[in-house]
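Trainee: Got a minute to go through this one with me? I'd like to ask things as they come up.

Mentor: Sure, pull it up and fire away.

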Amino acid sequence: MSSNPFAESFNLEAAFADVSEYWSPNVVAQVNDQYVKVAKVRGQLVWHNHAHEDELFFVVRGHLKIEYEGRVVDLPTGSMHVVPRGTPHNPVATDECWIVLIEPVQTKHTGDVESPLTRTIDEQLRGSR
Ligand code: NI
């Protein structure tokens with residue numbers, strides 16, 4: 001018996017179809033101590049960092065840029081990138097972009113920054129309950 005509350009299997013396109021709001025991640029799976037999240041993004045999130053956690057971005061559709069202080073990492077469709085812990089960053093997408101995120105269950109997606117776009121972990125779990 002598993003206590004895993006997530007679907008045993010699911011279609012990624014269908015998981016994205018359930019997402020209606022930009023920058024509002026939806027948790028779709030848990031792997032050990034990490035959540036797998038899907039999100040649609042457009043515009044910019046907010047400058048923030050995660051002091052103790054790396055954060056993986058996988059661009060499924062569209063084009064994402066991760067702004068760092070003094071440089072930008074360009075992530076076209078199919079790209080994967082890990083934001084190192086403790087590093088200030090700001091995700092930006094000119095047009096709608098679909099991303100998969102993998103990050104520890106306790107990671108706050110805007111770090112310690114409270115923004116109008118900040119969603120609690122409970123809000124990010126809403127689709128799985
Ligand atoms: Ni982040």
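Trainee: Which strand gives the most to the lining of the largest cavity?

Mentor: Keep in mind that this is a predicted model. Strand 2, strand 3 and strand 7 each supply at least two residues of that lining. The top contributor, with 3 residues, is strand 7.

Trainee: And how much space lies in the largest cavity?

Mentor: The count is 1 cavity of 30 Å³ or more. The space inside the largest cavity comes to about 90 Å³.

Trainee: How many charged residues are in the lining of the largest cavity?

Mentor: Among the lining residues are Trp23, Phe57, Leu101, His48, His109 and Glu55. Sorted by class, the lining has 9 nonpolar and 2 polar residues, and the charged ones number 1.

Trainee: Some of those names sound like metal ligands. Which residues coordinate the nickel ion?

Mentor: Look along the chain for the spacing H-x1-H-x4-E-x33-H, which the donors follow. Each histidine donates through NE2 and the glutamate through OE, at 2.1 Å. The residues are His48, His50, Glu55 and His89.

Trainee: What is the arrangement of the 4 donor atoms around the nickel ion?

Mentor: Start with the angles, which run from 87 to 175 degrees. Four donors count as tetrahedral if all angles lie between 85 and 135 degrees, and the upper end here is 175 degrees. Given that spread of angles, the arrangement is irregular.

Trainee: How many residues apart in sequence are the parts that His48 and His89 tie together?

Mentor: The nickel ion has both His48 and His89 among its ligands. His48 sits in the loop between strand 2 (34-44) and strand 3 (55-61), while His89 belongs to strand 7 (residues 89-104), so the pair links parts whose separation in sequence is 41 residues.

Trainee: Is His89 buried or exposed?

Mentor: The cut-off for buried is under 20% relative accessible area. Its partner His48 has 4% relative accessibility, so His48 is buried. His89 has 0%, so His89 counts as buried.

Trainee: Back to strand 7 for a second. Which side chain does Glu103 join in a polar contact of 2.6 Å?

Mentor: Glu103 is found in strand 7. Its relative accessible area is 0%, so Glu103 is buried. The 2.6 Å polar contact runs from the Glu103 side chain to that of Lys37.

Trainee: I was skimming the backbone too. What is the phi of Trp23?

Mentor: Trp23 is in the loop between helix 1 (12-17) and strand 1 (26-31), and this residue also helps line the largest cavity. With 6% relative accessibility, Trp23 is buried. Although Trp23 is not a glycine, its phi is positive, at about 65 degrees.

Trainee: Then there's Asn32. Is Asn32 buried or exposed?

Mentor: Asn32 has a positive phi too, about 55 degrees, and is not a glycine. Its place is the loop between strand 1 and strand 2. The cut-off for exposed is over 50%, and Asn32 has 66% relative accessibility, so Asn32 counts as exposed.

Trainee: Last one: what separates the C-alpha atoms of Ser9 and Ala29?

Mentor: Ser9 comes in the segment before helix 1. At 61% relative accessibility, Ser9 counts as exposed. Ser9 and Ala29 are 20 residues apart along the chain, and their C-alpha atoms are separated by 9.2 Å.

Technical notes:
Residues are numbered from 1 along each chain as its sequence is written. This is a predicted model: local features need pLDDT of at least 70, side-chain atom pairs count only at pLDDT 80 or more; totals for chains, interfaces and linings use all residues. Side-chain values use heavy atoms; hydrogens and water are left out. Donors are N, O and S atoms within 2.8 Å of the metal (3.2 Å for Na, K and Ca); water is not among the atoms, so sites may look incomplete. Four donors count as tetrahedral if all angles lie between 85 and 135 degrees; four count as square planar and six as octahedral if opposite donors are over 155 degrees apart and all others between 65 and 115; anything else is irregular. Helices (H or I, at least four residues) and strands (E, at least two) are DSSP runs, numbered from the N terminus. Buried means under 20% relative accessible area, exposed over 50%, partly exposed in between (1.4 Å probe, protein chains only). On a 1 Å grid over the protein atoms alone, a cavity is a set of points where a 1.4 Å probe fits but cannot get out, and a pocket is an open set with protein on both sides within 12 Å along at least five of seven lines; lining residues have an atom within 4 Å of a point. Grid points are joined across faces, edges and corners, and a volume is the space filled by probe spheres set on the points. Ala, Val, Leu, Ile, Met, Phe, Trp, Tyr, Cys and Pro count as nonpolar, Asp, Glu, Lys and Arg as charged, and the others, Gly among them, as polar. A polar contact is a pair of N or O atoms within 3.5 Å; within protein, one must be able to donate a hydrogen and the other to accept it, and residues adjacent in sequence count only if both atoms are side-chain atoms.
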